[in-house]
Amino acid sequence: MRAFVFPGQGSQKIGMGTDLAASSAAAREVFEEVDDALDLKLSAIMADGPEDTLTLTENAQPAIMANAIATLRVLERDFGIVLADKADYVAGHSLGEYTALCAVGSFSLPDTARLLKLRGQAMQAAVPVGVGAMCALLGGSVEAAEKLAEEAATDPATGVKEVCTLANDNDPTQVVLSGHAGAIDRAIVLSKELGFRRAVLLPVSAPFHCPLMEPAAARMDQALEATMPHPPRLPVFANVTAKPVADPEEIRKLLVAQVMGRVRWRESMGAMADVGVTHFVELGGKVLAPMIKRSTTDTDVVSVVTMEDCEALARTL
């Protein structure tokens with residue numbers, strides 16, 4: 001059994017998609033369709049920057065999606081690979097869940113681009129810059145991270161409780177906390193006491209996947225009421241449940257919950273392996289493959305980014 005997976009924020013970089021665009025009309029059409037949907041020359045920003053414009057959440061999210069869907073379209077159009085015939089499940093990390101849903105027909109490409117642009121804007125607007133933060137914890141368990149978040153949430157000087165919660169459970173060696181900046185700073189200081197090898201403040205502009213994102217969740221609830229998902233051609237493993245979902249209304253509810261909820265990536269990959277998935281294909285990035293390798297055993301994982309990667313994958317499918 002095989003699953004196709006799609007990366008999340010942080011996988012963007014200047015030059016993304018240029019190899020595919022230079023080699024394939026199918027890829028160019030994806031970038032043009034996204035540019036038209038957003039009324040923005042996003043493809044030019046992806047190709048040439050500037051980097052600070054690309055890394056803006058409202059640009060990075062649709063850019064990462066466009067790059068992954070362009071990779072899929074190349075496989076489909078240039079190599080005759082039909083996703084529904086070659087995969088059993090799909091999944092995506094955070095914004096990548098929208099990419100996965102686009103890949104299996106739940107959302108059109110223009111609607112996916114517009115939803116992610118709005119999602120990025122809503123998440124950025126939910127919390128003033130500097131109020132929130134996120135940190136990665138390396139070398140510790142989920143249970144230790146939850147304990148750390150609970151301890152760090154309370155300011156010892158004032159007794160005031162702030163938001164500090166587990167945002168991403170990426171793999172057995174890496175989890176991410178999100179919340180108020182002061183609480184995240186305290187978590188970093190306390191991390192070594194609870195056995196973490198390292199804690200790193202992340203260069204993000206907002207505290208994603210925590211209760212501070214409630215205003216963004218409300219905006220996405222409205223947007224997804226207006227742009228309802230269609231039944232997917234394949235089941236999608238949802239971030240917040242680590243379970244497959246195919247019902248459109250359930251998909252909509254889980255996408256809203258995902259804005260504030262934990263990304264259960266480690267659990268999702270383990271659950272896929274448990275139901276028999278032995279081959280994972282990451283499209284449009286090389287960030288999920290290491291996480292999957294650390295979260296599963298006896299699985300084959302490949303990342304597909306360039307035209308050369310597409311050719312190599314096509315020979316094996």
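A residue is called exposed here when its relative accessible area is over 50%, and buried when that figure is under 20%. Keep those two cut-offs handy, and keep in mind that this is a predicted model.

Let's try the cut-offs on helix α15, residues 307-316. On one side of α15 we have Glu308, Arg315 and Thr316, which are exposed. The buried residues of the helix are Met307, Asp309, Cys310 and Leu313. They span an arc of only 150° around the axis, so they sit on the same side of α15. The general rule behind this is that an α-helix has 3.6 residues a turn, so residues three or four places apart point the same way. And what do the buried residues of α15 pack against? Their partners are the helices α1 and α5, plus the strands β9 (279-283) and β10 (300-304).

Now step back to the overall layout. The domain assignment splits the protein into domain 1, made of 2-126 + 212-315, and domain 2, which is 132-204. Taken over C-alpha atoms, the centres of domain 1 and domain 2 are 27 Å apart. As for where they touch, twelve residues of domain 1 are in contact with 14 residues of domain 2.

That brings us to the largest pocket, with about 710 Å³ of space. It has 31 lining residues, and the closest to its centre are Gln9, Gly10, Asn168, Leu202 and Val204. Where does the largest pocket lie with respect to domain 1 and domain 2? Both domains give residues to its lining, so the pocket lies between them. The elements that each supply at least two lining residues are α5 (57-79), α8 (109-126), β3 (132-138), β4 (164-171), β5 (174-180) and α14 (288-295). If you're thinking about the chemistry of the walls, the lining has 14 nonpolar, 15 polar and two charged residues.

The second largest pocket holds about 250 Å³. Its lining has 15 residues, with Lys13, Met16, Asn67, Gly284 and Val305 nearest the centre. Helix α1 (residues 18-23) gives the most to this lining, namely three residues. By class, the lining of the second largest pocket comes out as four nonpolar, eight polar and three charged residues. We've met α1 already, as one of the elements that the buried residues of α15 pack against.

What about enclosed space? A search of the whole structure turns up one cavity of 30 Å³ or more, and about 40 Å³ of space lies in the largest cavity. Two elements give two or more residues to its lining, α7 (96-103) and α12 (248-260). The largest share comes from α12, with three residues. The full lining is Glu97, Leu101, Val236, Ala238, Val245, Ile251, Leu254 and Leu255. Sorted by class, that is seven nonpolar, no polar and one charged residues. Looking at α12 itself, its buried residues are Pro248, Ile251, Arg252, Leu254, Leu255, Val256, Gln258 and Val259. The cover over these buried residues includes α7, α8, α11 (214-226) and β8 (244-245).

Next, a single residue to zoom in on: alanine 152, in helix α9 (residues 142-152). Is alanine 152 buried or exposed? Its relative accessibility is 0%, so it counts as buried. Leaving aside neighbours within four places in sequence, alanine 152 is in contact with Cys164, Ala183, Arg186, Ala187 and Leu190. For a sense of distance, its C-alpha atom is separated by 40 Å from that of valine 104, which is 48 residues away along the chain.

Finally, some backbone oddities. Most residues other than glycine have a negative phi, and most peptide bonds are trans. The bond from glycine 49 to proline 50, however, is cis, with omega near 5°. Proline 50 lies in the loop between α3 (42-48) and α4 (51-54). Aspartate 39 has a positive phi, near 55°, and is found in the loop between α2 (25-38) and α3. Histidine 209 also has a positive phi near 55°, and its place is in the loop between β6 (198-201) and α11. How do the two fare on the cut-offs we started with? Aspartate 39 has a relative accessible area of 73%, so it is exposed. Histidine 209 is at 3% relative accessibility, so it counts as buried.

Note on methods:
Residues numbered from 1 in each chain as written. Predicted model: local features only at pLDDT ≥ 70, side-chain atom pairs only at ≥ 80, totals over all residues. Heavy atoms only, no water. 1 Å grid on protein atoms, 1.4 Å probe; cavity = no way out; pocket = protein on both sides within 12 Å on 5 of 7 lines; lining within 4 Å. Points joined across faces, edges and corners; volume = space filled by probe spheres on them. Helix = DSSP H or I, 4+ residues; strand = E, 2+ residues; numbered from the N terminus. Nonpolar A, V, L, I, M, F, W, Y, C, P; charged D, E, K, R; others polar. Domains from an automatic or database assignment. Buried < 20%, exposed > 50% of the residue type's maximum accessible area, 1.4 Å probe, protein only. Arc of directions from axis to C-beta. Contact = heavy atoms within 4.5 Å.
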